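Got the viewer open? Let's take a walk through this structure, one selection at a time.

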Amino acid sequence: MLAAEITRADATDPLSGLRVGAHPEPVAEDGWTIVEVRAASLNHHDLWSLRGAGNPKNAPLPRVLGCDAAGVDADGREVIIHALINDPDWTGDEILDPRVSILSDFHDGTFAERVAVPRRNLVLKPAELSFEEAACLPTAWVTAYRMLFVLAGATRGSTVLVQGAGGGVATAVTMLGKAAGVRVWVTSRTQDKRVRAVELGADQAFEPGARLPERVDAVLETVGAATWAHSMKAVRPGGTIVVAGQTSGSNPPLDIERLFMAKLRIVGTTMGTRDELEQLVRFCAEHGIHPPIHSVLPLAAAVDGFKAMIEGDLFGKVLLRP
């Protein structure tokens, strides 16, 4: 079958380790099943893998990249794949499993015509979402759902600030928040992305570090060092900062005095649970939410999708269609 795989990692030339070509058919072990992929979406995790950042020790090479997809399972059902792979003996919250991995870390991922996944990882795709739209949800969108509703506790009338309007998580938060009656403010370095964020449903868009009309109930942070000082100042006393990324770098000054004097809560998270993905899918179907898509490419042109991600001028997800 055709697949896009990593053959080696190179921090300076990541695409040198990307190969698109023939790959062995997947084999479903006990408790797993085969899904025929109809659409798969790119994530920064795929690019990090090619750069060698965060690659797990003893991960096999070559292996198929990709963690997000929608397709048809062995029973003919249209499904979405939850990307977290747990230890079979783990019974708690998936994201707290110390041995949890993401699809494509140890097991072949979704940038292929077919992929093997645990049966429990499948969520039914609603008719309201296309395969391409559904494939956008399992990583960035479920992270956004968990940040906004589960950890920030945003409800109708709440105000949240999202740092970095063009990113996948920020886009998802904007659209989910608007549907739930949350007032969403965003920041971005570019006027174009600020305008598009407002078009998607943001109430206001600001330049990074701008003084806000008032302090917010929660800040959703995926940028890191470049926006951290602003995030600490922007949240109201007793408010929450939810952190799920650090695209601009890590280890900014914490401002411990403001942390304890303003009684702030800082919460870290990655991804979301299978049940949260199911809730997200239902929420999108009920509210008519359609994730924005930057482009849809044939799987054979996967390298072009990665180039677009490296260049960084995206608004919405890049999809691969086997």
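Is Thr 227 buried or exposed? Select Thr 227 and show its surface: at 8% relative accessibility, Thr 227 counts as buried. Here, buried means under 20% relative accessible area, exposed means over 50%, and partly exposed is in between, using a 1.4 Å probe and protein chains only.

A quick note before moving on. This is a predicted model, where local features need pLDDT of at least 70, side-chain atom pairs count only at pLDDT 80 or more, and totals for chains, interfaces and linings use all residues. Residues are numbered from 1 along each chain as its sequence is written, and side-chain values use heavy atoms, with hydrogens and water left out.

**Around Thr 227**

Thr 227 sits in the loop between strand E14 (216-221) and helix H6 (228-234). Helices (H or I, at least four residues) and strands (E, at least two) are DSSP runs, numbered from the N terminus. Now pick out what Thr 227 touches: leaving aside neighbours within four places in sequence, Thr 227 is in contact with Gln 163 and Glu 221. Contact means heavy atoms within 4.5 Å.

**Follow Gln 163 into the strands**

Keep Gln 163 selected and add Thr 187, because Gln 163 stands opposite Thr 187 in E12. Strand E11 (residues 159-163) runs parallel to E12, and the two pair over 5 bridges. Strands pair if DSSP finds at least two bridges between them.

Colour E12 (residues 183-187) next: 4 of its 5 residues are buried, so this strand is largely enclosed by the rest of the structure. To get from E11 to E12, the chain passes through helix H4 (residues 168-179), making a right-handed β-α-β crossover. Right-handed means that, with the strands pointing away from the viewer, the path from the first strand over the helix to the second runs clockwise.

On to strand E13 (residues 204-206), which pairs with E12 in the parallel sense over 3 bridges. Look for Trp 185, whose bridge partner in E13 is Gln 204. The route from E12 to E13 goes through helix H5 (residues 191-200), and this β-α-β crossover is right-handed too.

**Jump to the start of the chain**

Select strand E1 (residues 2-6). It is mostly covered, with 4 of its 5 residues buried. E1 pairs with strand E2 (residues 18-22) in the antiparallel sense over 5 bridges; zoom in on Ala 3 and you can find its bridge partner in E2, Gly 21. E1 also pairs with strand E4 (residues 63-64), again antiparallel, over 2 bridges. There, Glu 5 has Val 64 as its bridge partner.

**A cluster of rings**

Which residues do ring pairs link into a cluster with Phe 283? Select Tyr 145 and Phe 149 along with Phe 283, since ring pairs link these three into a cluster. Rings of Phe, Tyr and Trp (its six-membered ring) pair if their centres lie within 6.5 Å; planes under 30 degrees apart count as stacked, over 60 as edge-to-face and the rest as tilted. By this rule the structure has 5 aromatic pairs. The rings of Tyr 145 and Phe 283 have centres 6.5 Å apart and planes at 70°, which makes the pair edge-to-face. Tyr 145 belongs to helix H3 (residues 137-151) and Phe 283 to helix H8 (residues 274-287), so the pair ties together parts that are 138 residues apart in sequence. Tyr 145 and Phe 283 are both buried.

Now swing over to Phe 149 and Phe 283: with centres 5.6 Å apart and planes at 50°, this pair is tilted. Phe 149 in helix H3 and Phe 283 in helix H8 are 134 residues apart, so this pair also links distant parts of the chain. As for Phe 283, its relative accessible area is 14%.

**A charge over a ring**

Show Lys 125 and Phe 131 as sticks. Lys 125 lies over the face of Phe 131, at 4.9 Å from the ring centre. A charge sits over a ring if NZ of Lys or CZ of Arg is within 6 Å of the ring centre and within 35 degrees of the ring normal.

**Cysteines, then the last stop**

How many disulfides does the structure hold? It holds 0, a disulfide being a pair of cysteine sulfur atoms within 2.5 Å. Select Cys 136, which is in no disulfide: the nearest cysteine sulfur, that of Cys 284, is 9.9 Å away. Cys 136 is buried, with a relative accessible area of 0%, and Cys 284 counts as buried at 1%.

Finish at Ile 293, in strand E17 (residues 293-298). Ile 293 is partly exposed, with a relative accessible area of 30%. Beyond residues up to four places away in sequence, Ile 293 touches several residues, including Cys 136, Glu 132 and Phe 315. For a longer view, draw a line between the C-alpha atoms of Ile 293 and Thr 91: they are separated by 35 Å, and the two residues are 202 apart along the chain.
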